[in-house]
Every structure is written in C-alpha cells, then in structure tokens.
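Q: Please take a close look at one turn of this model and then place it in the fold around it. Cut-offs should be given with each term.

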Amino acid sequence: AVAGCAAEAITLPARDAAPSQATDLSGNWVLVEEGAAARRSTDTLVEVFLEFGKTLKITQTDEGLFISFDRSVVEEYRFGEQREVNVGPIEAQRSSGWDGRSYVIETLDKERTRVEERYRLDAREEALLRTIEIRRGEKRLDRFQQAFSRR
C-alpha cells in the first residue's frame, strides 16, 4: 500500500530540462497589461502558491529560473524538477520545466486543483507573456494572461 501511495504522489507530467531552442527569459520586466480575471479568487488552496507583481526580475541560469516579484518575493524553479512544495500547512506537488520555448510551472494540491503558469517571449522577444490557468479535473476555473515589457 505504501508503494501505491508513493507512485500516486506526483501526477504532474515531467517537463524538459532544456528549451527546444535557445530561450532566455532573463531581464527586468514591467507589467503593461493584466487580464480582466487576474487576481480573482477561485477559492482554491493552490492559489496560495501564485505570486503577482507589477515588476518581475528574472534571472536564468543553466539549472533554473529565479523570479523576483516586486523585489519582495523570489521564487526559484529548477529545470525539469518534480517536488513537493508547501506554504505553511498547505502542501502541493510541483513540476516545472520547458515545453518548447515556454517555461511551465504546474502546481497540484490535495484537492486535485492544478495551477499552470506559462512564461514565454512574444515573437519579437520584446514582451514576456505569462498565462495562468486554474483547473479542477477537466473543468477550467479561471484563465488569464499578463504582458510585461522590458524595463
């Protein structure tokens, strides 16, 4: 029974440790457009893992990304990681890595609610687009996009 529980613990897909093409998300970014649904609560536990900011500073290394939100909260993501994360007593599974040229972070809570964040550059590499989708099973609870320009 213990092995069965351990096998079920991570149900998020593994992500690539490297982008399909050279992609560097590094830079100082300022919010220029926020989707109408942004920051609307869906009353899910997994929302505690979402950070927001009007300015982002992204540092990309060979192993991962560091994202600073408004110079107050810094999140670290390792390319191709799958691990458990927590905020106080709220625990979730996290998978992050590359999907083509997009960096994807998925977080799944014990209620099977999933947040998917995608960071990608626009076609001209002048804007950073962040898409957030919250799902419970196959049902989409919320989806919105933010656009940032280089500062």
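Is arginine 71 buried or exposed, and at what relative accessibility?

A: Arginine 71 counts as exposed because its relative accessibility is 76% (exposed is over 50% relative accessible area, buried under 20%, partly exposed in between, with a 1.4 Å probe and protein chains only). The model is predicted, so local features need pLDDT of at least 70 and side-chain atom pairs count only at pLDDT 80 or more, while totals for chains, interfaces and linings use all residues. Residues are numbered from 1 along each chain as its sequence is written, and side-chain values use heavy atoms, with hydrogens and water left out.

Arginine 71 sits in the loop between β3 and β4; helices (H or I, at least four residues) and strands (E, at least two) are DSSP runs, numbered from the N terminus. The phi of arginine 71 is positive, about 55°, although the residue is not a glycine. Aspartate 70 is in the loop between β3 (64–69) and β4 (73–78), and this non-glycine residue also has a positive phi, of about 50°. Aspartate 70 counts as partly exposed because its relative accessibility is 38%.

The strands on either side of this loop belong to an open sheet of ten strands, ordered β4-β3-β2-β1-β10-β9-β8-β7-β6-β5 with antiparallel pairing (two strands pair if DSSP finds at least two bridges between them). The edge strands, each pairing on one side only, are β4 and β5 (81–87). From one strand to the next the twist averages 25°; axes are lines fitted to C-alpha atoms, for helices over the stretch in contact, and angles run from 0 to 180 degrees between N-to-C directions. Further along the sheet, β1 and β10 (residues 139–150) run antiparallel and are joined by five bridges. Glutamate 34 has glutamine 146 in β10 as its bridge partner. Overall the protein has one helix and ten strands, with the helix ahead of the strands from the N terminus on.

The largest nonpolar core has 17 residues, of which Leu25, Leu56, Tyr103, Tyr119 and Leu128 touch the most other members. Such a core is a set of buried Ala, Val, Leu, Ile, Met, Phe, Trp, Tyr and Cys residues joined through side-chain atoms within 4.5 Å. At least two residues of this core come from each of β1 (27–34), β2 (55–60), β3, β7 (102–109) and β8 (113–121). β3 supplies the largest share, three residues. A second, separate core of ten residues includes Phe49, Ala92, Val115 and Ile134.

Leaving aside neighbours within four places in sequence, the contacts (heavy atoms within 4.5 Å) of leucine 56 include Ile67, Ser68 and Phe69, as well as Tyr119, Leu128 and Phe148. In strand β8 lies threonine 113, which is buried because its relative accessible area is 0%. With the same neighbours left aside, threonine 113 is in contact with residues including Thr44, Val46, Ile134 and Leu141.

Of the 151 residues in the protein, 44% are buried. Among contacts with a separation of 6 or more, 50% are between residues 24 or more positions apart. The mean pLDDT (the predictor's confidence in each residue, from 0 to 100) is 89, and 89% of the residues reach 70 or more. Residues 1–7 have pLDDT below 50, and beyond near neighbours in sequence this stretch has zero contacts in the model.
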